[in-house]
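I opened the notebook to record, step by step, what I looked up in this structure. My entries follow the order in which I went through the helices.

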Amino acid sequence: MPVRTPFRDLPLPQQAGMMAGEEHFRTFVGNRIFRDNHGLVHEGAAAEYIRSWCGVRSRRDLATDPRAAERFETLRTEYDAWRGRIPRP
């Protein structure tokens, strides 16, 4: 059985790609965009939100741009708090 890499140990571009595909994250993004609780968006819109939030053209830039990586970490923390995985920052 192959060893599974913990999510937080994956490269940031891979984390961003996985998050954009998660239904919960797409709802989180929709809630932020539409300011209500009915805002599920499609995967492409969630990916664009990540790129916009982080100020990059491509999620690959998260691996090389320290400021973008920091913004992604903030977004991931806010999402984790929204999901109830961690206390609100």
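Which residues in α1 meet which residues in α3? Keeping in mind that this is a predicted model, I looked up the contact and noted that A16, A20 and G21 on the α1 side meet E43, A46, A47 and I50 on the α3 side. Sorted by class, the residues in this contact of α1 with α3 are five nonpolar, one polar and one charged.

Next I looked up how the pair is arranged. Two packed helices are described by the angle between their axes and the distance between the axes. For α1 and α3 I wrote down an angle of about 140° and axes 8 Å apart, which makes α1 oblique to α3, since only angles over 145 degrees would count as roughly antiparallel. I also noted that α1 and α3 cross in a right-handed way.

Then I turned to α1 itself, which spans residues 12–21, and found that L12, P13, Q15, A16, M19 and A20 are buried there. These residues lie on the same side of α1 because they cover an arc of only 160° around the axis. Among what covers them I listed α2 (23–34), α3 (43–54) and α4 (66–83).

My last entry concerns W53, which I located in helix α3. Is W53 buried or partly exposed? Its relative accessible area is 21%, and because buried means under 20%, W53 counts as partly exposed. Leaving aside neighbours within four places in sequence, I found W53 in contact with R32, R71, T74, L75 and E78. For W53 and R71, I recorded a separation of 18 residues in sequence and 7.2 Å in space, C-alpha to C-alpha.

Conventions: Residues are numbered from 1 along each chain as its sequence is written. This is a predicted model: local features need pLDDT of at least 70, side-chain atom pairs count only at pLDDT 80 or more; totals for chains, interfaces and linings use all residues. Side-chain values use heavy atoms; hydrogens and water are left out. Buried means under 20% relative accessible area, exposed over 50%, partly exposed in between (1.4 Å probe, protein chains only). Helices (H or I, at least four residues) and strands (E, at least two) are DSSP runs, numbered from the N terminus. The arc is that of the directions from the helix axis to the C-beta atoms. Contact means heavy atoms within 4.5 Å. Axes are lines fitted to C-alpha atoms, for helices over the stretch in contact, and angles run from 0 to 180 degrees between N-to-C directions. Angles under 35 degrees count as roughly parallel, over 145 as roughly antiparallel, 65 to 115 as roughly perpendicular and the rest as oblique. A crossing is left-handed if the near helix is turned anticlockwise from the far one by less than a right angle, and right-handed if clockwise. Ala, Val, Leu, Ile, Met, Phe, Trp, Tyr, Cys and Pro count as nonpolar, Asp, Glu, Lys and Arg as charged, and the others, Gly among them, as polar.
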